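This report goes through one protein model, from a single loop residue to the sheet and the backbone details. Please keep the sequence and the coordinates at hand while reading.

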Amino acid sequence: MKTSIAIYPGSFDPVTNGHLDLIERGRKMFDHLIVAVLRNAGKDPLFTVLERVEMLREVLKQWPEVEVDVFDGLLVDYARKRHAGVILRGIRAVSDYEYELQMALMNRKLEPRLETVFMLPGEPYSYLSASLVREIARFGGPLDGFVPAAVGERLRAKVTKTRSGAGIGAGGRPDAGPTRRKRATH
Ligand code: PNS
């Protein structure tokens, strides 16, 4: 029998219920699922990599077949290192498709043995993104249903801390809203 190792890569800044929905679907489909957090110094994240990993491990602890890891550099190199055959990505709406298509085709060019598998999150999560969640938190809006309770608490604490520390607005940045990025994260 073939064993399948899949990688679900992303920024996870922070993990949302949309990510969890996709992880739950992925864990049923693959023997081993690696949730891989990109250590990307260029993105100016709200949470450190360590914090993002801690939150993921906390909310995924009931699923031992799901591993949380960190990667640097090219995803295809990491996939080779982990002997993974599949990259799992979510597509919420048509607007995600173009970017995802480009990334999947480039990854295939770089490593033809690696397949990208797209899954659709549940409909309640089709408009949910980590960037919107960060923005809601920054302005004190409700987070119920968007992120796990423990993540919501950490978000509130984080935006309060950065707001009091930075002096130029929550997050310490003039604008880190959803339009800043090419594709909002799940
Ligand atoms: O959650 P995100 O930010 O949409 O995830 C994007 C991610 C991490 C999957 C993508 O940026 C990535 O794979 N980066 C690693 C560098 C890389 O391999 N780039 C070339 C992709 S074609």
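Leaving aside its neighbours within four places in sequence, which residues is Ile91 in contact with? In this predicted model, the contacts of Ile91 are Asp96, Tyr97, Glu100, Phe118 and Leu120.

## Ile91 and its surroundings

Ile91 sits in the loop that leads from strand 4 to helix 4. Its C-alpha lies 6.3 Å from that of Met119, although 28 residues separate Ile91 and Met119 in sequence.

Is Ile91 buried or exposed? Neither term applies: Ile91 has 18 other C-beta atoms within 10 Å, so it is classed as partly exposed. A residue needs 20 or more such atoms to count as buried, and 12 or fewer to count as exposed.

## Strands 4 and 5

Strand 4 covers residues 86-90 and strand 5 covers residues 115-119; the two are parallel and share 5 bridges. One of the bridge pairs is formed by Val86 and Glu115, the latter in strand 5. Between these strands the chain passes through helix 4, residues 94-110, and the resulting β-α-β crossover is right-handed.

## The sheet

The sheet is open and has 5 strands, in the order 3-2-1-4-5, with parallel pairing. Which strands stand at the edges? Strand 3 (66-71) and strand 5 do; each has a single partner strand, so one side of each lacks a neighbour in the sheet. On average, neighbouring strands are turned by 30 degrees against each other, direction ignored.

Towards one edge, strand 2 (residues 32-38) runs parallel to strand 3 and is joined to it by 6 bridges. Val35 has Val68 of strand 3 as a bridge partner.

## Helix 2

Helix 2 lies across strand 2 and strand 3, at about 175 degrees to strand 3. The buried residues of helix 2, which spans residues 49-59, are Arg52, Met55, Leu56 and Val59. Viewed down the helix axis, these buried residues fall within an arc of 100 degrees, so they line one face of helix 2. The general background is that an α-helix has 3.6 residues a turn, so residues three or four places apart point the same way.

## Backbone exceptions

Most residues other than glycine have a negative phi, and most peptide bonds are trans. Where does the model depart from this in the loop between strand 1 and helix 1? Phe12 is found in that loop, and its phi is positive, near 50 degrees. Phe12 counts as buried because it has 24 C-beta neighbours inside 10 Å. The peptide bond joining Asp13 and Pro14 is cis, with omega about 0 degrees. Pro14 also belongs to the loop between strand 1 (5-10) and helix 1 (17-29).

His83 is not a glycine either, and has a positive phi of about 55 degrees. The location of His83 is the loop between helix 3 (75-81) and strand 4. With 9 C-beta neighbours inside 10 Å, His83 counts as exposed, whereas Phe12 counts as buried.

## Confidence

The protein chain has a mean pLDDT of 89, and 86% of its residues reach 70 or more. Over which residues does pLDDT stay under 50? This applies to residues 167-181, for which the model has 26 contacts beyond four places in sequence. Where pLDDT is low, the predicted coordinates should not be read in detail.

Conventions:
Residues numbered from 1 in each chain as written. Predicted model: local features only at pLDDT ≥ 70, side-chain atom pairs only at ≥ 80, totals over all residues. pLDDT = per-residue confidence, 0-100. Contact = placed C-beta atoms within 7 Å. Pairing = 2+ DSSP bridges. Helix = DSSP H or I, 4+ residues; strand = E, 2+ residues; numbered from the N terminus. Right-handed = clockwise from strand over helix to strand, strands pointing away. Arc of directions from axis to C-beta. Axes fitted to C-alpha atoms, helices over the stretch in contact; angles between N-to-C directions.
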